[in-house]
Amino acid sequence: MPSELHCLNPECRAVYPIDEVIYTCPQCAALLESGDPSLTLDPAATKRLWRERRMSNTPLDQSGVWRYREMLGFFNERQHCAVTLREGNTPLLNAPRAAEYAGMDAVTFKHQGFNPTGSFKDNGMTAGATVALRLGMKRVACVSTGNTSASMAAYAAAAGLTPIIFLPHGNISYGKLAQALEYGALTLQVEANFDQILALVRVLADETGIYLLNSVNPFRIEGQKTIMVEMLDQRDWRVPDWVVVPGGNLGNVSAFGKGLRELHAMGFIDRLPRLAVVQAARSAPFYDYFHDGERSKFVSVTEPETLATAIRIGDPVSWPKAIHEVETSGGVVERATEQEIADAKAVIGQCGIGCEPASAATLAGLKKLRAAGVIAADADVVAVLTGNVLKDPDYIFKYHTGGLKTPWGQGIESNFGNRPVVLPNDAGRIAEFIAERTG
Ligand SMILES: *Cc1c(COP(=O)(O)O)cnc(C)c1O
Ligand SMILES: [Zn+2]
């Protein structure tokens with residue numbers, strides 16, 4: 001049976017052909033999932049095939065997403081053309097200094113910031129752009145000021161599609177927007193807020209045949225689930241105890257959970273790692289929902305705030321998928337303050353690794369979960385760093401020079417600050433200073 005689109009609403013369960021241009025269920029508006037529940041693969045033979053592909057020079061095999069294409073049922077290599085910039089292939093990095101900071105024996109980072117446009121959005125966008133091509137679309141669009149627009153612009157350009165980016169008025173993140181401009185995206189600033197623009201773009205997309213690559217796009221989730229497949233392949237299929245990930249729109253944790261469940265169901269792994277999602281304290285509706293004993297209603301945050309702009313989301317679209325994955329894995333949800341995120345980020349920098357602010361929520365959350373006894377000191381933990389250190393240089397400079405403030409004006413301490421030093425043009429005094437500072 002080929003892949004289909006399934007409505008996730010248990011009262012609806014509608015099924016649609018894979019090539020229908022829909023993003024949510026036309027009958028009930030719930031989230032859709034791409035997949036083939038009857039898919040079976042021989043674990044030993046497939047693991048061997050995936051490992052052999054690492055020696056191959058063909059574009060599909062070199063991609064850390066398409067290498068695992070047996071898991072991507074919507075794609076048939078004999079019929080379809082994949083848009084790849086050799087995404088994925090991101091390293092697992094040991095970080096003793098970060099482990100010590102969190103009170104852990106060891107910590108491993110899977111660093112998605114090594115992707116072509118510097119974030120895990122590329123793992124999803126390679127799939128989204130591939131589907132756009134296959135559907136015969138000429139234009140793709142998203143509403144974003146961040147990594148989604150940078151990634152969409154790059155993959156659209158590589159595919160010969162026209163990228164169109166919609167920006168909420170007066171809410172621009174220049175580092176990431178610069179990438180989108182460089183990749184040639186038509187960039188439209190509309191005088192409305194995020195939700196109003198999203199509604200507008202949905203109408204435009206339906207009427208003018210523009211393909212939407214927003215967070216709800218089920219094929220982006222399919223691409224992102226290979227982050228877990230690659231991680232396990234790199235660990236020779238040793239399952240970690242925990243996977244820690246920052247949560248914004250909650251697409252990534254939903255993708256991780258789906259990928260892990262599929263691997264488990266087909267016998268590639270004999271247990272599921274527990275998923276730990278970390279949100280920024282003032283953008284934490286999923287944290288509140290998870291810790292509400294009733295869990296009867298999901299309450300969004302009207303004015304989400306955090307300097308970790310990639311997780312500044314008050315109304316995360318993928319929460320129904322995410323709660324299912326966190327519960328199924330026996331996972332938890334944590335939150336971290338601006339100070340905790342900033343310090344954790346500096347410690348990740350001190351490891352020679354570095355990441356953007358949202359990514360550092362992982363280490364900040366891990367430290368708290370360790371302190372609370374939820375995660376044991378000797379647990380085997382993989383924390384996913386979602387974005388590259390160069391995404392937000394302004395934040396870094398301010399942290400290290402003591403000028404970083406929360407969006408609500410509170411100063412952030414430079415606990416691990418590293419100021420540049422001004423000295424006179426005097427070799428003797430400079431030598432003295434270096435000796436004093438470095439021994
Ligand atoms: C998009 C993004 C996130 C949030 O991921 P969700 O799937 O929205 O939860 C976190 N970090 C970075 C760097 C991102 O770009
Ligand atoms: Zn439905």
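Here is a chat about aromatic contacts in this predicted model.

Colleague: How many aromatic pairs turn up across the whole structure?

Modeller: The search finds twelve. Take Tyr 289 and Trp 319, with ring centres 5.0 Å apart and planes at 65 degrees.

Colleague: What makes Tyr 289 and Trp 319 an edge-to-face pair?

Modeller: Their 5.0 Å is within the 6.5 Å needed for a pair, and 65 degrees is over 60, so edge-to-face it is.

Colleague: Which parts does that pair tie together?

Modeller: Tyr 289 belongs to helix 10 (residues 285-291) and Trp 319 to helix 11 (residues 319-328), so parts 30 residues apart in sequence are tied together.

Colleague: Why is Tyr 289 called buried?

Modeller: Its relative accessibility is 10%, and buried means under 20%, so Tyr 289 qualifies.

Colleague: And why does Trp 319 count as partly exposed?

Modeller: Trp 319 has 22%, which falls between the 20% and 50% limits, so partly exposed is the right label.

Colleague: How do you know that Phe 298 and Trp 319 are stacked?

Modeller: The centres are 4.5 Å apart and the planes differ by 10 degrees. Stacked needs under 30 degrees, so the pair fits. Phe 298 sits in the loop between helix 10 and helix 11, so this pair ties together parts 21 residues apart in sequence. Phe 298 is buried too, because 12% is under 20%.

Colleague: What makes you say the charged end of Arg 282 sits over the ring of Trp 408?

Modeller: It lies 3.6 Å from the ring centre, and the distance limit is 6 Å. Likewise, the charged end of Lys 367 sits over the ring of Tyr 101, 4.5 Å from its centre.

How values were computed: Residues numbered from 1 in each chain as written. Chains lettered and ligands numbered in written order. Predicted model: local features only at pLDDT ≥ 70, side-chain atom pairs only at ≥ 80, totals over all residues. Heavy atoms only, no water. Phe/Tyr/Trp six-rings, centres within 6.5 Å; stacked < 30°, edge-to-face > 60°. Helix = DSSP H or I, 4+ residues; strand = E, 2+ residues; numbered from the N terminus. Buried < 20%, exposed > 50% of the residue type's maximum accessible area, 1.4 Å probe, protein only. Lys NZ or Arg CZ within 6 Å of the ring centre and 35° of its normal.
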